[in-house]
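Reader: I've got this one open on my screen and I'd like a close look at one spot where two helices meet. Could you walk me through the contact, and then whatever else nearby in your notes helps me read the fold?

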Amino acid sequence: MKKLKIGMDVGIDLGSSAVKIFTPGRRIALSEPTLVAVDRDTDEILAFGSDARQMLGRTPEHVAVVSPVQYGRIHNFNLTETMLTAYVREVCGNRIFMPRVVVCVPSGVSEVEKREVVESLRAAGARKVCLIETVVAAALGAGLDISQPRGCMVCDIGGGTTDIGVISVNGTAASHWINYAGNSFNEALIDFILRQYDLLIGPQTAERLKREIGCVVPRDALLTVTVKGRHFRSGMPHMIRLNSEDIMAAFEEPAVRICRAVQRTLEETPPALAGDLLTNGGITLTGGGAKLYGIDRLIAERTKLNVAVAQDPEICIALGTGKAIRFIDTRDKFEKETSPLDVFGA
């Protein structure tokens, strides 16, 4: 891997499902699952990212594969620090002068939670850490003009959380987040298959089914797949046939909760900005969950607004953190009032 020059700045999407690192000129230099494999007996870290994901459901009892970031918050500080150190060094190399970093945080996080993110990145080698709200980064990455005094709305459906915000003049005028997102659809599908078919499946199988035939509105044609797992009662390997209508039924609750969160955000939006959404593009969907079949149509039906899925929705936040790098210097000089960044460090 080609290493960065001394002083290069980076943007980081520290997500519940994946860590993505943006570098100028190379866009997404790293995209790895937010997973760490740990030996419970010795506390030894065995693997990160993709290597750890391959171990899911295939390890002895003394080995755990965990996500140190859950629901957009740092769940295990030490594992997060170690994981970020490994990822930053993979991109930047072992240099005396490590990069300045822009990293996203969900709307509504406490000052303590912000400090945890900052300290994790400082421990990973960053000499300066700047925070940006998830929805603001998503809007920047989606190509929206957030600098003007008019409202634009983003709904980022990530792995652990859905973040929704109405943005104007580089800041959020109304925002809301819930712990229902991409992983919630997987969990709902696992529960549904267990209840309906007595079949136990893992999260990787659920993710594959969601991508292949998942939907929240009826598809034009019924899709069917074979699902393999372990029968709950007999304990023996077993397989069933599942169709897209089954999955739509399983996905109803998380889909409805996301729609309600969008509606609640609209209810809290200042009237003038709410009116802007009728003529300023409506709602833009970002995050991996935006690719779920029919989620844009369902939200449009519930809100009566235009809803569009951003180009490359899965990397919008990482791209947005990269675009926000330009604010690092200007904020301290003359744009502090309208900068989307909170700056920590020298």
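Author: Start with the residues that touch: on the H4 side they are Thr134, Ala137, Ala138, Leu140 and Gly141, and they meet Cys316, Ile317, Leu319, Gly320, Thr321 and Lys323 of H11. Sort that contact by type and you get 6 nonpolar residues, 4 polar and 1 charged. Keep in mind that this is a predicted model.

Now for how the two helices sit. H4 spans residues 134-141 and H11 spans residues 316-323, and their axes come within 6 Å, crossing at roughly 90°. Angles of 65 to 115 degrees count as roughly perpendicular, so that is the label for H4 and H11.

Next, take helix H10, residues 295-303: its buried residues are Ile295, Leu298, Ile299 and Thr303. These four sit on the same side of H10, because they cover an arc of only 120° around the axis. The spacing fits a general rule: an α-helix has 3.6 residues a turn, so residues three or four places apart point the same way. As for what lies over those buried residues of H10, the cover includes strand E11 (152-157), helix H8 (252-267), strand E17 (283-286) and strand E18 (307-309). Right after H10 comes Lys304, which has a positive phi, near 65°.

One more residue to click on is Asn186, which belongs to helix H5 (residues 182-197). Asn186 has a relative accessible area of 7%, so it counts as buried. Setting aside neighbours within four places in sequence, you'll find Asn186 in contact with Pro203, Ala206, Glu207 and Lys210.

How values were computed:
Residues numbered from 1 in each chain as written. Predicted model: local features only at pLDDT ≥ 70, side-chain atom pairs only at ≥ 80, totals over all residues. Heavy atoms only, no water. Buried < 20%, exposed > 50% of the residue type's maximum accessible area, 1.4 Å probe, protein only. Arc of directions from axis to C-beta. Contact = heavy atoms within 4.5 Å. Axes fitted to C-alpha atoms, helices over the stretch in contact; angles between N-to-C directions. Parallel < 35°, antiparallel > 145°, perpendicular 65-115°, else oblique. Nonpolar A, V, L, I, M, F, W, Y, C, P; charged D, E, K, R; others polar.
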